[in-house]
Amino acid sequence: MMQTEFEFTLPRGYVDSAGEVHRHGRMRLANVLDEVEAIEHPQVQAYESYLPIILLGRVIVQLGSLTAVTPEIVGNLFASDIAYLQDIYLRFNSADSIAVSAIC
């Protein structure tokens, strides 16, 4: 069976209004509509730099105990977390097979 969701752990984590830190989550593979609708989103049309925020808000299906992950939540992540999420988004959604070496 093809894996369509991937777990991740953010380097810093999202801090909600109660001060709780959410680091562990799941991201699903993007589909064509995710990318097309993100590109056509009014915020992206006005400011292209919003594209990662809108796109990640569509494909992150879980973050800590949050019931929903919205572009507003993604927009309030730390810059290091956004960079991390963009990197794994590209790796998971790439047509190329990518080998990642790790030392445990």
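**Exercise 1. Work out how the strands of the open sheet are ordered and paired.**

Solution. In this predicted model, 3 strands form an open sheet with the order 1-2-3 and antiparallel pairing. Strand 1 and strand 3 are the edge strands, each pairing on one side only. From one strand to the next, the twist averages 25 degrees. Strands are DSSP runs (E, at least two residues), numbered from the N terminus, and two of them pair if DSSP finds at least two bridges between them. Axes are lines fitted to C-alpha atoms, and angles run from 0 to 180 degrees between N-to-C directions.

The model is read as follows. Residues are numbered from 1 along each chain as its sequence is written, and side-chain values use heavy atoms, without hydrogens and water. Local features need pLDDT of at least 70, side-chain atom pairs count only at pLDDT 80 or more, and totals for chains, interfaces and linings use all residues.

**Exercise 2. Describe the hairpin of strand 1 and strand 2.**

Solution. Start with the pairing: strand 1 (residues 5-15) runs antiparallel to strand 2 (residues 21-28) over 7 bridges. Next, locate a facing pair: E5 is opposite R28 in strand 2. Then take the connection, where 5 residues lie between the strands and G19 has a positive phi near 90 degrees.

**Exercise 3. Find the bridge partners of M27 and R26 in strand 3.**

Solution. Strand 2 and strand 3 (residues 60-63) run antiparallel and are joined by 3 bridges. Within strand 3, M27 is partnered by I60, and R26 by Q62.

Methods: Helix = DSSP H or I, 4+ residues; strand = E, 2+ residues; numbered from the N terminus.
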